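Please open the model in your viewer and keep the sequence panel beside it, since each stop on this tour begins with a selection.

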Amino acid sequence: MELVQNLLLGLSVVLTPLNLLWMVAGSVLGTVLGMLPGLGPTTGIALLLPLTFTMRPETALITMCAVYYGAMFGGSRSSILLNVPGDGAAVASCFDGYPMAQQGRAEAALAMSAIASFIGGLIATVAFVLVAIPVARFALRFGPPEYFMLMVFALSATAAISKEALFKGFVSLLLGLMISTVGIDYQTGVLRFTFGVMELQTGIDFVVVIIGIYGLGEVFKNLENIASGGGLQAIQKKFGRIWITMDDWKRCIGPILRQTPLGFIVGVLPGAGATIAALMAYNNEKQLSKEPERFGKGAIEGLAAPEAANNACSVGALIPMMTLGVPGSGTTAVMLGALMILGLQPGPLLFQQHADVAWAVIVSMFLGNVVCAVVNIPLAGLLVRVLAVPPKILYPVIVALAFVGVYTINFSVVEFVLLIIFGLVGYAMKKYKIPTAPLILAVVVGSSMEQNFRMALMLSDGRFSVFFRNGICWTLFVLAIVSIAWPFISSALKERRARA
């Protein structure tokens with residue numbers, strides 16, 4: 001009964017005209033941003049942040065979530081039609097989606113990607129409803145030492161993406177932690193790294209970092225691609241009936257149901273992300289298939305599996321953000337910072353103190369998936385025309401939005417300088433393949449991590465043993481070590497299999 005009451009509470013909030021309007025608008029905007037190569041949910045939410053500051057917290061979060069899963073729907077559009085993924089999560093959709101389009105089956109590919117995304121997102125949302133409250137109640141047992149160790153695990157897992165990128169991941173992480181220390185130390189009153197600039201005394205606003213890294217950074221990188229002759233190719237603009245056959249459905253329902261739980265679990269793990277979920281789902285389905293030779297040549301199940309997994313992953317990534325206050329992906333890290341600015345503290349108390357907000361977000365996932373399915377199937381032929389927008393129009397608009405957005409934060413021109421600096425940093429990170437997620441996560445949780453570290457030491461009279469005071473701390477410590485060691489273990493196992 002408690003669960004039903006909570007869902008009804010959330011439904012009453014979502015069904016207000018304003019929240020419904022923003023949910024639909026966010027779903028459409030997210031779909032468009034997702035299909036534009038080089039953009040994606042994180043960039044979309046980063047550019048949207050200044051607008052959400054004028055909204056009520058529940059409206060802002062519903063809108064950001066709609067943009068998030070809308071982008072997961074839309075990312076496969078350019079993968080199928082251009083062989084260029086809209087974002088990292090849509091990489092696996094290129095493998096069979098583009099060959100289907102070349103074979104004259106673009107309509108079936110567009111329909112199946114939307115259907116698989118819808119089913120994956122719906123199942124994952126049901127799982128969210130079932131596990132959110134138990135996880136939140138468990139998180140009430142967390143004190144400063146537990147939260148510090150949780151953040152250590154989250155940062156370690158995010159930085160240790162692969163053996164090859166481990167060093168770069170930790171460079172990104174340390175840069176983010178350095179940015180989070182700028183400003184007044186709230187415990188001692190000492191100015192840190194302000195260089196005499198008065199505007200830096202309150203710290204560097206994470207919104208400036210986000211918009212610079214993702215907004216300007218993506219624009220600079222895409223402009224370089226265009227200058228080197230890597231512009232977009234012509235796309236198909238006229239389509240027949242966008243739907244699938246019964247044979248397509250029979251081939252895909254199994255992969256969708258098998259890979260949705262995988263995507264959901266990967267989403268819950270901090271730092272894993274939808275790209276990993278999609279690639280794992282594709283590889284798993286290829287190994288399970290009786291006809292693996294069809295994969296990469298237009299197998300529709302090779303499109304359905306990663307699409308279901310990456311949408312389920314986007315829902316799963318919201319669980320640690322809302323119940324523990326630790327984001328499960330780069331996009332939810334942006335959302336976490338936005339919630340803090342709006343006066344909400346994500347974590348176990350969110351479901352107690354702001355139950356209307358928490359359950360409104362959960363209910364909006366059900367309705368938002370329906371909206372995204374409606375937008376992405378009947379209107380697919382219309383939406384893909386956005387891919388034909390000339391870069392000379394698109395990118396100046398994004399730059400203008402970025403500058404207007406950061407100026408509205410503190411109405412200071414110092415923000416312009418910081419925006420350009422972080423835009424160049426974002427460009428350099430993308431150029432040299434340094435992951436940006438560790439930096440963003442560190443900027444968002446760095447201050448809280450430092451405060452929890454200090455509070456834990458104050459409670460224990462300076463004894464570091466407080467960080468190993470119970471099973472929760474030890475478990476998180478072991479997970480942090482395993483997350484760093486796992487890329488090496490995984491690589492060794494692959495080499496052993498190859499030799500065998």
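Begin by selecting helix α12, where 16 of the 16 residues are buried, so that the helix is largely enclosed by the rest of the structure. The model you are looking at is a predicted one, and the values quoted along the way were computed from it. From its first C-alpha to its last, α12 reaches 22 Å with its 16 residues, close to the 22 Å expected at 1.5 Å a residue.

Keep α12 displayed and add helix α6, residues 106-139, which packs against α12 (residues 301-316) at an angle of about 35°, with the two axes 7 Å apart. Viewed as a pair, α6 passes α12 in a right-handed crossing. To see the contact itself, show the side chains of A109, M112, S113, A116, S117, G120, G121, A124, T125 and F128 on α6, together with L303, A304, E307, A308, N311, A312 and V315 on α12. Sorted by class, this contact of α6 with α12 has 10 nonpolar, 6 polar and 1 charged residues.

Now hide α6 and bring in helix α5, residues 91-102, which packs with α12 at an angle of about 145°, the axes being 8 Å apart. The crossing of α5 and α12 is left-handed. Here A92, S93, D96, G97 and M100 of α5 meet G302, L303, P306 and E307 of α12, and by class the contact has 4 nonpolar, 3 polar and 2 charged residues.

Next, move to helix α2, residues 17-35, whose 19 residues reach 27 Å from the first C-alpha to the last, close to the 27 Å expected at 1.5 Å a residue. Colouring α2 by accessibility should pick out its buried residues, which are N19, M23, G26, S27, G30, T31, V32, L33, G34 and M35.

For the last stop, turn to the aromatic rings, of which a search of the whole structure finds 15 pairs. Select F453 and F467: their ring centres are 5.4 Å apart and their planes lie at 5°, so the pair is stacked. This pair links distant parts of the chain, with F453 in helix α20 (residues 437-459) and F467, 14 residues away, in the loop between α20 and α21 (471-499).

How buried or exposed are F453 and F467? F453 is partly exposed, with a relative accessible area of 25%, whereas F467 is buried, with a relative accessible area of 4%. Finally, add F148 and F464 to the selection, and you will have one aromatic cluster formed by F148, F453, F464 and F467.

Conventions. Residues are numbered from 1 along each chain as its sequence is written. This is a predicted model: local features need pLDDT of at least 70, side-chain atom pairs count only at pLDDT 80 or more; totals for chains, interfaces and linings use all residues. Side-chain values use heavy atoms; hydrogens and water are left out. Rings of Phe, Tyr and Trp (its six-membered ring) pair if their centres lie within 6.5 Å; planes under 30 degrees apart count as stacked, over 60 as edge-to-face and the rest as tilted. Helices (H or I, at least four residues) and strands (E, at least two) are DSSP runs, numbered from the N terminus. Buried means under 20% relative accessible area, exposed over 50%, partly exposed in between (1.4 Å probe, protein chains only). Axes are lines fitted to C-alpha atoms, for helices over the stretch in contact, and angles run from 0 to 180 degrees between N-to-C directions. A crossing is left-handed if the near helix is turned anticlockwise from the far one by less than a right angle, and right-handed if clockwise. Contact means heavy atoms within 4.5 Å. Ala, Val, Leu, Ile, Met, Phe, Trp, Tyr, Cys and Pro count as nonpolar, Asp, Glu, Lys and Arg as charged, and the others, Gly among them, as polar. The expected span of a helix is 1.5 Å times one less than its number of residues.
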